[in-house]
Amino acid sequence: MIFIKVLSKKKQLIFVSIFTIILVAFYMQPTFMIDESFTVGMIGHGYKSILELTALDVHPPLYYVALKTYLGIFTFWTSNMFIKVFFARIFSVICSIITFHYLYRLVSYLGFKYNKYILWLFFLLMPTVLGNSEQFTNIRMYAFSMMLIAIEVYYLVMYIYFRPSKKYFTIFTLSAILSFYTNYFSAIVAGTYLFIFFIDCIIERKSRKAVNVFISGCIFLLCAIPYVPVVLKQLSLAHGGRMWVMDIDKYIISLLKYSKFIIIFIIPFILLYSKLDKVFKKLYFYSFIVLLVNMFLLIKGLIVMHYLAPSYFIFIFLSINLCIFFYKQTQNKKYNFILIIPLFILISSFGKSFYQQVTNYDIPSIKFISEFNKWEKSDKDTLKTNFINYKTWGEERDQNAIYLQSINKRISNKYYMNSYDYLGNGNDKLFRSIFWNVDHYYKKK
């Protein structure tokens, strides 16, 4: 990081741009990670079908609609699945850049005007703390959710503490509503922020702003009402089948890892509390509460940790700025050893994640492309696919099915989709629609 600071602004931009392009390139593989094939299969349907099929799933439709529209604009000229997957990952990259833009603007207003290139490099490493470094390029709704929450929080803070306007009110209300129709955990995060800032306005006796934030919350809830029947249907399907959950031992270990990281960041916050800006202290504390609420809900459902992203990202980004402030402000240098721990975790997490990315996805992608070329050259319309065995059995099966759809070929392997006995809550209609080219759909009796 010191190396970057001694460069001129132009050289800093060039260095960071090259580093970003190289890093992101490693996460642009054609092979699918968990659930990505489901996304690609979903957006292969028309808009009306997407609304119908998502009602059978556990996610709202907005991300799928947005991604389908985006790909319709930028990939209308090709049917090549590899190109479509590349542009789909670019969509998540764009959402991530917008997220950084708003978070950087937010901390700048709060007095943390640090080098944006250094902050961007830290931002690139942030997903590795969650063990999901692919979130910037993942073909799922996580980057999209983070973007909406970042926009909501930015305009909420600006509206309440700096420049109240109807424009800001409209934007943070709309962002909250869109979060509901993107992911239900994001909806809870968005609603929790509205509720906390409403309470803050009451405590600070900002009665007019309190009323407006309350109105925003009411609009948020009213806009969710039309979709309540669908949510109830999704819940009934979820309870009627088996939802994929993380093994409880792995879940507890992951949760403890995140909790330790949170505690480490709390230490400089406590030590520097008297020197911090009042608004920053509030936002940091509120973000911490939102994160705890999100973690509690994940504990109750034993759901995968991806769903922590919208709340975790805000807290971690604020914490990184806090650590830089701590380093600059602390006169007693012996306290700086506190920063070694989060820095070590960040770098080690990145190293582990990067190694897994290369070995599990990048190198095997070469084998997959070779296998796909064989499928494409085959004269048969129905194939018995061979498994490369470079990742989990479920990921490889659904990936093969989606790629074969792009060249109008079917799969004849007996019991090929038995993995979807429990994925999709055992919903036969949903997965027959997504993986329509699988001849032998095995359903356990």
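Let me begin with Cys218, which at 29% relative accessibility counts as partly exposed, a class that lies between buried, under 20% relative accessible area, and exposed, over 50%, using a 1.4 Å probe and protein chains only. Cys95, by contrast, is buried, with a relative accessible area of 3%. The structure holds zero disulfides, a disulfide being a pair of cysteine sulfur atoms within 2.5 Å.

I should say early that this is a predicted model, in which local features need pLDDT of at least 70 and side-chain atom pairs count only at pLDDT 80 or more, while totals for chains, interfaces and linings use all residues. Residues are numbered from 1 along each chain as its sequence is written, and side-chain values use heavy atoms, with hydrogens and water left out.

Turning to the interior, the largest nonpolar core has 137 residues, and Leu67, Phe123, Phe180, Tyr193, Phe197, Tyr284 and Phe315 are those with the most contacts inside it; such a core is a set of buried Ala, Val, Leu, Ile, Met, Phe, Trp, Tyr and Cys residues joined through side-chain atoms within 4.5 Å. Helix α8, residues 142-162, gives the largest share of this core, with 18 residues, helices here being DSSP runs of H or I with at least four residues, numbered from the N terminus. If we set aside neighbours within four places in sequence, Leu67 is in contact with Thr39, Ile43, Ala88, Phe91 and Ile139, where contact means heavy atoms within 4.5 Å.

Finally, Leu235 is found in helix α12 and is partly exposed, with a relative accessible area of 43%.

Technical notes: Helices (H or I, at least four residues) and strands (E, at least two) are DSSP runs, numbered from the N terminus.
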